[in-house]
Amino acid sequence: MSPGVADLWEVFRLDNKKVLIVDDQNGIRVLLMEVFSSEGYNTFQASNGKLALEIVRSESPDLVLLDMKIPGMDGLEILKHVKAINKDIKVIMMTAYGELDMIKEATDHGALMHFTKPFDIDEMRIAVNMQLRGKGSGNWFATGS
Ligand SMILES: [Mg+2]
């Protein structure tokens with residue numbers, strides 16, 4: 001019996017990419033969790049740097065959506081720690097207007113890109129899909145490992 005489409009989806013789900021959302025605003029976390037869960041990603045969330053780094057260590061996410069302004073350990077600091085733990089983890093920053101210096105520093109420390117709040121959720125969805133399923137970032141449909 002040949003596998004059906006549902007079975008193939010099941011195979012892909014086993015190989016789910018992990019996305020970690022880090023933001024001190026509950027509303028943003030809830031929104032992004034909903035969007036990226038329905039995209040089929042394994043989603044995690046953290047409201048502060050300490051929790052974020054615990055998840056980075058235990059789950060080794062493929063991509064982190066990281067708020068720049070977080071009380072305590074800020075986004076830049078978290079970014080540096082994430083990259084020190086695993087430089088291959090992709091990081092996309094979420095910033096406010098007027099944070100150009102911080103954006104430049106984040107880029108220097110390996111952040112891929114940034115979205116300025118309030119961002120278009122669809123643009124972010126597409127950017128994350130490009131990073132995790134698009135060309136040059138591993139072949140989604142490749143067999144084996
Ligand atoms: Mg914030």
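Two residues count as being in contact if their C-beta atoms, placed from the backbone, lie within 7 Å of each other. With that in hand, the meeting of helices α3 and α4 can be spelled out residue by residue. On the α3 side are G49, A52, L53, V56 and R57, and they meet E77, I78, H81, V82 and I85 of α4. The model in which this packing is seen is a predicted one. Helix α3 covers residues 49-59 and helix α4 covers residues 75-85, and their axes sit 10 Å apart at an angle of about 15 degrees. That makes α3 roughly parallel to α4, because angles under 35 degrees are put in that class. As for handedness, α3 goes past α4 in a right-handed crossing.

Stepping back to the whole chain, the protein has six helices and five strands. Read from the N terminus, helices and strands simply take turns, in the pattern α-β-α-β-α-β-α-β-α-β-α. Of the 145 residues, 28% are buried. Contacts also reach a long way along the sequence: among those between residues at least 6 apart, 59% link residues that are at least 24 apart.

The five strands come together in an open sheet, ordered β2-β1-β3-β4-β5, with parallel pairing. At the edges are β2 (42-46) and β5, each of which pairs on one side only. Going from one strand to the next, the twist averages 20 degrees. Helix α2, made of residues 26-38, packs on this sheet and touches β1, β2 and β3, with its direction at about 170 degrees to that of β2.

Now for the pairings themselves. Strand β1 (residues 18-22) and strand β3 (residues 63-67) run parallel and are joined by four bridges. Two of the partnerships can be named: V19 has L63 as its bridge partner in β3, and L20 has V64. On to the pair β3 and β4, which is likewise parallel and held by five bridges. Here L65 has I92 as its bridge partner in β4, while L66 stands opposite M93. To get from β3 to β4 the chain goes through α4, and the resulting β-α-β crossover is right-handed.

How much of β3 is covered? Five of its five residues are buried, so by the count of 20 or more other C-beta atoms within 10 Å the strand is mostly covered. L63, L65 and D67 point one way from β3, V64 and L66 point the other way, and all of them are buried. Strand β4 is mostly covered too, with five of its six residues buried.

At the β5 end of the sheet, strand β4 (residues 90-95) and strand β5 (residues 113-116) run parallel, with four bridges between them. M93, already noted opposite L66 of β3, stands opposite H114 in β5. M94 has F115 as its bridge partner in β5. Between the two strands comes helix α5 (residues 100-108), and β4, α5 and β5 make up a right-handed β-α-β unit. This helix lies across both β4 and β5, and runs at about 180 degrees to β4.

That leaves helix α6, residues 121-133, which holds N129. Is N129 buried, exposed or partly exposed? There are 17 other C-beta atoms within 10 Å of N129, so this residue is partly exposed: 20 or more would make a residue buried, and 12 or fewer would make it exposed. Setting aside residues up to four places away in sequence, N129 touches E39 and G134. The C-alpha atoms of N129 and Y41 are separated by 9.7 Å, although the two residues are 88 residues apart along the chain.

Note on methods: Residues are numbered from 1 along each chain as its sequence is written. This is a predicted model: local features need pLDDT of at least 70, side-chain atom pairs count only at pLDDT 80 or more; totals for chains, interfaces and linings use all residues. Two strands pair if DSSP finds at least two bridges between them. A crossover is right-handed if, with the strands pointing away from the viewer, the path from the first strand over the helix to the second runs clockwise. Axes are lines fitted to C-alpha atoms, for helices over the stretch in contact, and angles run from 0 to 180 degrees between N-to-C directions. Angles under 35 degrees count as roughly parallel, over 145 as roughly antiparallel, 65 to 115 as roughly perpendicular and the rest as oblique. A crossing is left-handed if the near helix is turned anticlockwise from the far one by less than a right angle, and right-handed if clockwise.
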